[in-house]
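I opened the model to look up one pocket and the helices around it. These are my notes, in the order I took them.

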Amino acid sequence: MTDSDTRLKRGITGPLLFAFILGDVLGAGIYALMGVLAAEVGGMLWAPLLVALLLALLTAGSYAELVTKYPRAGGAAVFAERAFRSPLVSFLVGFCMLAAGVVSAAGLAIAFAGDYFTTFVDLPAPLVAIVFLAVVGALNARGIRESMGANLVMTLIELSGLVIVIVVVAMLLAGGGGDPGRVVELPTDAALPTAVLGGAIIAYYSFVGFETSANVIEEVRDPRKSYPRALFGSLITAGVVYVLVGFASATALPPEDLVDSSGPLLDVVAAAGVGVPAWLFSLIALVAVANGALLTMIMASRLTYGMSEQGLLPGVLGRVLPKRRTPWVAILTTTLIAMLLTLVGDLGLLAETVVLLLLFVFLSANVSVLVLRRARVEHDHFRVWTVIPILGIASCILLLTQQSGIVWLFGAGLLVVGVALFFATRWLRSRAGEPVQGVIRRG
């Protein structure tokens with residue numbers, strides 16, 4: 001696939017792609033995750049994080065094959081269209097991904113406007129959330145390279161916060177403090193397999209984000225080589241950091257102290273006695289949230305553009321700025337919807353709904369790998385072992401069974417909206433004389 005195969009600018013190098021995925025995976029969740037995990041596994045915080053990494057790598061293997069085989073913006077919607085030959089199925093898979101992205105961005109904006117922001121300035125949360133999304137949208141429209149440059153800086157900052165946790169606890173241990181024996185202690189009434197699985201379901205949330213990279217593949221240089229390296233490298237890097245943070249947290253504080261804390265990593269740093277100022281972690285958390293929102297909105301706008309190119313959304317959403325070569329209508333539309341969701345959405349419900357929607361996307365991607373094995377393309381691409389997508393399907397089904405009834409209800413409501421939008425789009429395209437079937441460009 002050459003530059004002439006796409007109207008988008010190929011401004012993403014391998015290292016920038018690695019930073020893109022790493023920044024989206026790291027996110028802000030890990031800064032509050034340790035207390036929730038401690039309630040499940042006591043001091044064995046590292047175990048569910050490791051299991052969650054392995055589960056995430058299963059679906060990542062399917063993405064590596066599909067993205068390098070069909071390197072087009074649109075991601076899972078492109079794969080579903082090729083595998084199932086149904087515009088409705090392709091649309092619903094893409095809509096789940098798109099809805100998850102926009103809902104996630106709204107949730108991140110709400111999080112940005114909350115306690116971390118009021119540490120510095122006390123302003124109305126709805127106003128802060130909307131202005132925050134407007135800034136993210138403007139940076140997104142300016143250009144993919146500029147967005148990636150900002151992501152690189154923010155990823156280094158949010159990663160530095162986790163490194164601080166690891167380093168200060170290492171200093172605590174060197175001084176004879178802490179209790180490393182806690183890293184193998186379970187709650188008194190917990191069985192090892194049950195506790196670790198329950199914790200892994202929670203920890204899996206912290207690895208969600210790698211799928212967004214599929215929707216910028218048309219802007220990646222030499223995707224066949226750079227994409228698998230960046231994908232697996234970033235997931236493994238995040239997993240190693242998470243496991244080390246888990247060890248550090250259990251070593252510095254007993255599980256009951258972590259469970260009772262709303263800012264467990266801040267308490268871990270304080271327990272080390274190194275004197276890192278409290279405002280520093282608030283700032284790092286804000287950067288982590290901002291980075292996640294930027295990457296999520298890049299994904300949502302590129303997916304909207306890709307679905308428009310397929311004929312699954314109105315053609316106007318495929319318009320690109322002539323000089324910047326960014327999909328400006330898609331960016332504007334997704335940003336405005338995210339702004340509206342900040343006014344009506346509950347943060348907890350939004351976060352759980354994102355996971356539910358993405359599990360449907362992951363399930364579709366894993367099935368698509370198996371269905372498309374007989375299809376051949378003219379270029380070389382990554383190929384995963386057949387057992388990997390089979391295990392990926394099983395992992396998605398397992399995690400889907402853990403979702404609550406209210407989340408299923410909210411997700412079903414979004415899917416009803418998606419079906420209505422699908423048929424409305426077909427009707428509008430038919431009246432305008434445009435194609436009403438999903439058209440996949442071969443290549």
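The entries below cover a pocket, two helix packings and one backbone angle.

**Entry 1. Model.** I note at the start that this is a predicted model.

**Entry 2. Pocket.** I looked up the second largest pocket and read a volume of about 360 Å³. I then listed its lining, which comes to 16 residues, and the closest to the pocket centre are Phe95, Leu98, Val102, Ile337 and Leu421. Which helices each supply at least two residues of this lining? I found H5 (87-112), H14 (328-344) and H17 (405-432). H5 gives the most, with five residues. I sorted the lining of the second largest pocket by class and got 13 nonpolar, three polar and no charged residues.

**Entry 3. H5 against H13.** Since H5 gives the most to the pocket lining, I checked its packing with H13 (residues 278-309). The angle between H5 and H13 is about 155°, and their axes are 9 Å apart. Angles over 145 degrees count as roughly antiparallel, so I entered H5 and H13 as roughly antiparallel to each other. Their crossing is left-handed. On the H5 side, I listed Phe91, Gly94, Phe95, Met97, Leu98, Gly101, Val102, Ser104, Ala105, Leu108, Ala111 and Phe112. These meet Leu286, Val289, Ala290, Gly292, Ala293, Thr296, Met297, Met299, Ala300, Leu303, Thr304 and Met307 of H13. By class, this contact has 18 nonpolar, six polar and no charged residues. I marked Phe95, Leu98 and Val102, which are in the H5 list for this contact and also among the residues closest to the pocket centre.

**Entry 4. H13 against H14.** I next took H13 with H14, another helix of the pocket lining. The axes of H13 and H14 come within 8 Å and cross at roughly 125°. H13 and H14 are therefore oblique to each other. H13 passes H14 in a right-handed crossing. From H13, the contact uses Met297, Ala300, Ser301, Arg302, Thr304 and Tyr305. From H14, I listed Ala330, Ile331, Thr334, Thr335 and Ala338. I counted by class and have six nonpolar, four polar and one charged. Met297, Ala300 and Thr304 of H13 are in this contact and also in the contact with H5.

**Entry 5. Backbone.** Where is arginine 85 found? I placed it in the loop between H4 (76-84) and H5. Arginine 85 has a positive phi of about 55°, although it is not a glycine.

How values were computed. Residues are numbered from 1 along each chain as its sequence is written. This is a predicted model: local features need pLDDT of at least 70, side-chain atom pairs count only at pLDDT 80 or more; totals for chains, interfaces and linings use all residues. Side-chain values use heavy atoms; hydrogens and water are left out. On a 1 Å grid over the protein atoms alone, a cavity is a set of points where a 1.4 Å probe fits but cannot get out, and a pocket is an open set with protein on both sides within 12 Å along at least five of seven lines; lining residues have an atom within 4 Å of a point. Grid points are joined across faces, edges and corners, and a volume is the space filled by probe spheres set on the points. Helices (H or I, at least four residues) and strands (E, at least two) are DSSP runs, numbered from the N terminus. Ala, Val, Leu, Ile, Met, Phe, Trp, Tyr, Cys and Pro count as nonpolar, Asp, Glu, Lys and Arg as charged, and the others, Gly among them, as polar. Axes are lines fitted to C-alpha atoms, for helices over the stretch in contact, and angles run from 0 to 180 degrees between N-to-C directions. Angles under 35 degrees count as roughly parallel, over 145 as roughly antiparallel, 65 to 115 as roughly perpendicular and the rest as oblique. A crossing is left-handed if the near helix is turned anticlockwise from the far one by less than a right angle, and right-handed if clockwise. Contact means heavy atoms within 4.5 Å.
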